[in-house]
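Here are some questions on a predicted model, each with a short worked answer. Look over the sequence and the structure before reading on.

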Amino acid sequence: MATLPGATCTGQDVVQRLTSDGYVIVSGLMSERDVEAARGDLGRILAATPTGRNAFEGFDTQRVYALFAKTRTFDQIAVHPLLLDVLDQVLGHYQLSAPVGIRIGPGERAQMLHRDDAIYPLPEPHPPVVLNTMWPLDEFTEDNGATRLVAGSHRWEPGRQPAPEDPLLTATMSPGSVMFYLGSLWHGGGGNRTSQPRLGVILEYVVGWLRQQENHCLAVPRDIVRQLPERLRRRDASAPGPAGQRLTGTGGRRRRPARGQPGRFASTADTSSGSSGSVRGRNRPTTFPSGPTRNFSKFHSMSPASPAASGTAVSSA
Ligand SMILES: O=C(O)CCC(=O)C(=O)O
């Protein structure tokens with residue numbers, strides 16, 4: 001997979017690739033020492049972490065939720081300047097949504113393909129509301145469960161589901177790198193056909209006007225919040241809740257976009273003629289669909305009849 005070098009690439013380079021492909025891998029953003037520290041600390045936490053409760057979480061997969069309550073090894077990564085630059089451009093006004101350590105155990109089946117932003121009941125198409133990052137702490141390979149994705153699927157017309165003929169890419173990458181991917185990109189964890197687990201961490205961000213997947217005010221105790229880098233615990237004027245604690249707010253001098261403005265990222269949906277909602281292109285006010293009730297759950301956002309969605313009969317590219 002083509003990779004951008006973290007030492008020299010700019011936020012704009014990353015955003016260009018996100019716009020065209022929906023994902024991009026950047027190498028060398030975490031030092032070997034930081035990777036080792038993170039692996040070690042997560043290993044300690046994983047020793048007391050149960051496996052998943054359903055097929056989506058993975059019955060042979062462990063997930064470390066409330067990550068910032070449990071380890072300090074991702075504090076700097078979560079506010080890496082390149083990441084914040086990209087977030088500024090893609091989401092504009094954002095917050096940390098779901099930081100999760102994911103260890104896919106040997107024998108785990110491929111996760112169903114899904115879109116991270118499908119949990120929000122927004123009419124499609126809409127401007128980007130979720131940006132995710134996957135930080136591998138093990139070598140991600142074809143065999144051990146590297147994340148799979150359908151390049152360009154963030155540009156699909158509303159309602160389109162992955163089909164067997166859609167080429168699935170496997171995000172093979174090394175520890176120290178990161179994969180950025182838009183919340184509207186179809187993807188999922190791979191199956192693990194090896195005897196070793198595959199460890200990675202997702203740091204998922206969402207626009208400030210949507211609810212985080214994890215409630216950090218509850219998940220991260222106040223005394224730990226005090227230890228976080230200023231940028232990570234920034235109190236934001238629009239933060240919900242009385243405590244006003246919030247992980248990652250707007251950057252630097254940036255202010256929230258004017259009403260109806262999603263940020264500076266060009267919408268990938270400008271050409272669609274969606275009928276039930278009216279979010280087309282950027283700077284459109286959000287309205288909710290008037291048509292038949294839709295099931296917006298991430299867990300139900302893919303057709304069970306689709307072989308691609310169930311992770312079978314799909315070739316790797
Ligand atoms: O573990 C992975 O590679 C991806 C997991 C994922 O997409 C998710 O759980 O939402």
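**Ligand shell, core and sheet**

Q: How do the residues of the shell around the ligand divide into nonpolar, polar and charged?
A: The residues around the ligand are Ile102, Gln111, Met134, Thr147, His187, Gly188, Gly189 and Gly200. Glycine counts as polar here. The shell divides into no charged, two nonpolar and six polar residues.

Q: Which strand gives the largest share of the largest nonpolar core?
A: This core has 59 residues. Tyr23, Leu87, Met179 and Phe180 have the most contacts inside it. Seven of the core residues come from one strand, the largest share: β10.

Q: Which residues does methionine 179 touch, not counting those up to four places away in sequence?
A: Methionine 179 is among the residues with the most contacts inside the largest nonpolar core. Its contacts are Tyr23, Ile25, Thr133, Met134, Thr147, Ala171 and Met173.

Q: Which residue in β9 stands opposite leucine 149?
A: The open sheet has the order β7-β6-β9, with antiparallel pairing. Its edge strands, β7 and β9, each pair on one side only. Two bridges join β6 (residues 148-149) to β9. Opposite leucine 149 stands histidine 187.

Q: Is glycine 11 buried, partly exposed or exposed?
A: Glycine 11 is found in helix α1, residues 11-21. Beyond its neighbours within four places in sequence, it contacts Leu82, Asp85, Val86 and Gln89. A buried residue needs 20 or more other C-beta atoms within 10 Å, and an exposed one has 12 or fewer. Glycine 11 has 17, so it is partly exposed.

Technical notes:
Residues are numbered from 1 along each chain as its sequence is written. This is a predicted model: local features need pLDDT of at least 70, side-chain atom pairs count only at pLDDT 80 or more; totals for chains, interfaces and linings use all residues. Helices (H or I, at least four residues) and strands (E, at least two) are DSSP runs, numbered from the N terminus. Two residues are in contact if their C-beta atoms, placed from the backbone, lie within 7 Å. A residue is near a molecule or strand if its C-beta atom, placed from the backbone, lies within 6 Å of it. A nonpolar core is a set of buried Ala, Val, Leu, Ile, Met, Phe, Trp, Tyr and Cys residues joined through C-beta atoms within 7 Å. Two strands pair if DSSP finds at least two bridges between them.
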